[in-house]
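Biologist: Please take a close look at one part of this model, a pair of helices that pack against each other. Some context beyond that pair would also help.

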Amino acid sequence: MRRFGLALLLLVAAMAPAEAHRLKVFATVEAGSVTGYGFFIGGGRPMGATVVISDAAGTELYRARTGADGAFSFTPDAPTDLTVTIDAGDGHVAHETIAGDRFGPPVATGGALAAEPQVPAEAAGPATPVGPDAAAGLSTEALQAMIDRSVDTAVARQIRPLLEAYDEADGRVRFNDVIGGIGMIIGIGGAALWMASRRHRQPPAGRQSGAS
Amino acid sequence: MAHIPDGVLSPAVLAGGGILAAGGLAAALRHLDEARIARTAILAAVFFAASLIVVPVGPSSVHLLLGALMGLVIGTATFPAVLIALVLQAVLFGFGGLTTLGVNTFNIALPGVLFGLLAHGYVGRAQAPAAMLAAGAAAAAAVAGTAGLVALALILSSADFVQPAKVLGLTYLPLMLAEALITGFAVGFLKRVKPEIFLASARPVAA
């Protein structure tokens, strides 16, 4: 039994580079679109998997198949809570929820602001230095909206690798949890042993047959 | 892919798997004596750790199941061992699912118990090389049994799964070989170190 325990320890030691094959979804918001991809923890992307994006009420808004890179991209008509579901078809399914406020202020799609981006282009013209001259023709609100939008885009671009790394790390099999799980099993075994020893002591006569 | 996650199988299959696993569990717990509890816990820990190591094969990936090794050493107690390990894997790693616990336990434990008990008598009597071969064959058969049960569970749930289930079956072929090798050597090791583990004392569990 002791050698068996040793073998078990060696096995656990070999687990450091362990990987699970759970499917996960990475999804983020960039410039009003939901983009991302499905990935298998430990490597690999689901090829030709079904991607379904639905809103909070469960209405299906988008359905497509992933390419070789497992990626998808979808632009909703209006910012809303979205659920991305990727189904690889062989029993691997993953969900990810994107909160509506991740889309930032309602901009870009139609309305008065859609025409706005052209204004600075014309106003600035060939004069590249975007100084007070270029902004002069714009209202404060429009300028503010433009700044908000570019800040949103820049932040989304910068934190995307961070989010990706976090998602991947989050799903990896963790050594501590493996050790904890083994400890739990040993504990359950001990509890069972203790209960069995009580059962043996209690009835000195009679109903012994059940345990034989 | 013996760990079927939540939300894939139909309720009928989930319920059926749950009932079958509960039956196996009840049968096992009635025969669980003290000597077997310790072995069961150790093998549950081995299964828990070993089946977390996943090797990508083609479009899917495989991991060790060790069903036959458990069946050989602890008989029907494979059911509680697998169940406990699967509960922990689902809770700690999101590996598999909670609603599919019954189906997954049954798929992994039943072939192991069947082929383990089938090979048990011969492994106990035979000398090391023959016993290792028999254990390896039982392991390969148990993996094939698990593959069949997983495919069955998927196909019974939805006709869409027929094609993926076939692909899944192919990924189990290399696993059968790996499992046969590992079980064979584990049994050879146990035969040398602790041969009484395969002797008649373990037999009543089969009854």
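Modeller: What follows covers the helix pair, then one loop residue, then the other chain. This is a predicted model, in which local features need pLDDT of at least 70 and side-chain atom pairs count only at pLDDT 80 or more, while totals for chains, interfaces and linings use all residues. Residues are numbered from 1 along each chain as its sequence is written, and chains are lettered from A and ligands numbered from 1 in the order in which they are written.

In chain B, the axes of helix 6 (residues 128–157) and helix 7 (residues 162–193) come within 7 Å and cross at roughly 155°. Helix 6 of chain B is therefore roughly antiparallel to helix 7 of chain B (angles over 145 degrees count as such). Axes here are lines fitted to C-alpha atoms, over the stretch in contact, with angles from 0 to 180 degrees between N-to-C directions. Helices are DSSP runs of H or I with at least four residues, and strands are runs of E with at least two. The contact of helix 6 with helix 7 of chain B has 25 nonpolar, five polar and three charged residues (Ala, Val, Leu, Ile, Met, Phe, Trp, Tyr, Cys and Pro are nonpolar, Asp, Glu, Lys and Arg charged, the others, Gly among them, polar).

Elsewhere in chain B, B:L66 lies in the loop between strand 2 (60–63) and helix 3 (67–74). B:L66 has a positive phi of about 60° although it is not a glycine. B:L66 counts as buried because it has 28 C-beta neighbours inside 10 Å (the cut-off is 20 or more other C-beta atoms within 10 Å, with C-beta atoms placed from the backbone).

Chain A has five helices and seven strands.

Methods: Angles under 35 degrees count as roughly parallel, over 145 as roughly antiparallel, 65 to 115 as roughly perpendicular and the rest as oblique. A residue is buried if 20 or more other C-beta atoms lie within 10 Å of its own, exposed if 12 or fewer, and partly exposed in between; C-beta atoms are placed from the backbone.
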